[in-house]
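Dear colleague,

Please find below the structure I promised to hand over, together with its sequence. My notes on its salt bridges follow.

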Amino acid sequence: MVDASEPKTALITGSTSGIGLAIAKRYAEAGYRVAVHGIETPDKAADALAEVAAVARHEPAYFSANLSNDAQSTALAKAVIEDFGGIDILVNNAGIQKVAPIDEFDPVDFSRIVAISLDSTFLTIRAALPGMKARGWGRIVNIASAHGLRASPFKAPYVATKHAVVGLTKSVALEVAEQGITCNAICPGYVWTPLVAAQVADQARVHEMSEEDVVKKVMLAPQPTRRFVQPDEIAEMAYYLTGDMARSITGTTISIDGGWTAK
Ligand code: NAD
């Protein structure tokens, strides 16, 4: 059903897959106009865009950008502002993972992880805030991780980056607290997505165990519930944070980790 009223707009980075795709669908279903983003070409992202469009009340659009490049991060936010008339809700979700001992970590991979998750989060917030301030309303949700609060071996750049995203979240929240804008970080534990599936083999290598043991002993062992979180569970929280009843929730981390960080 097409809704003729002027919708609020939402940019979700990394929304062609996994957690971001679930958030994009939840917002589209709720009536927001959604900017779907990924590193993929429009052709490769067509299925994801179609999934979002299938539940949307306002036509979503796809934006391709490589967020390991600073200029592309800023250009992405500017393109959405130009095409949609502004960004009311910004979800910084794009991220990658690489598992290796620190003394073998390729510096190029280290920089790429930092650029995609931290630099791009700073740059998109920087570009979106003036419009949010002018409208006196905005919601920023950064998808950090349980690894923004706790460390694990063999993931040093990821852990460092996610801790930094938590710090950035708090600082932004304090700066804009009186202007109707909130900024929070969601910290998921292990969520079964392509990002997690792809790291099972690497984890098996560095931990010298079978892939089955990686799932049981490395991934699910820290989660007292002993099951993967589902992308929809993260999407529902991201949706809650956009509502008026969440207007006093700012500068905080919300763990959805099956009890991991209670320990
Ligand atoms: P995913 O691999 O399913 O999706 C990653 C998304 O990021 C895709 O849309 C992809 O296009 C985009 N992306 C990848 N590289 C990019 C680049 N260079 N430039 C622009 N976009 C790029 O991942 P996911 O598991 O859904 O993870 C999403 C976020 O949630 C990440 O920030 C991740 O760190 C975080 N997270 C995931 C888990 C988990 O267990 N899956 C746990 C905690 C936090």
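Helix 1 (residues 18-29) holds both Glu-29 and Arg-26, which are 3 residues apart, about one turn of the helix. Please note that the model is predicted. The two side chains form a salt bridge, with 3.2 Å between the closest N and O atoms. Arg-26 counts as buried because its relative accessibility of 19% falls under the 20% cut-off. Glu-29, in contrast, is partly exposed, with a relative accessible area of 42%. This pair also belongs to a network of salt bridges that links Arg-26, Glu-29 and Glu-236.

A further salt bridge joins the side chains of Lys-98 and Asp-109, at 3.2 Å from N to O. Lys-98 is located in the loop between strand 4 (89-92) and helix 4 (107-135), whereas Asp-109 is in helix 4, so the pair ties together parts that are 11 residues apart in sequence. As for their surroundings, Asp-109 is buried, with a relative accessible area of 13%, while Lys-98 is partly exposed at 30% relative accessibility.

Arg-227 and Glu-233 likewise meet through their side chains in a salt bridge, here with an N to O distance of 3.6 Å. Arg-227 is partly exposed, with a relative accessible area of 43%, and Glu-233 is also partly exposed, its value being 31%.

For the structure as a whole, the search finds 9 salt bridges; the pairs described above are among them.

With kind regards

Conventions. Residues are numbered from 1 along each chain as its sequence is written. This is a predicted model: local features need pLDDT of at least 70, side-chain atom pairs count only at pLDDT 80 or more; totals for chains, interfaces and linings use all residues. Side-chain values use heavy atoms; hydrogens and water are left out. A salt bridge is a side-chain nitrogen of Lys or Arg within 4 Å of a carboxyl oxygen of Asp or Glu. Helices (H or I, at least four residues) and strands (E, at least two) are DSSP runs, numbered from the N terminus. Buried means under 20% relative accessible area, exposed over 50%, partly exposed in between (1.4 Å probe, protein chains only).
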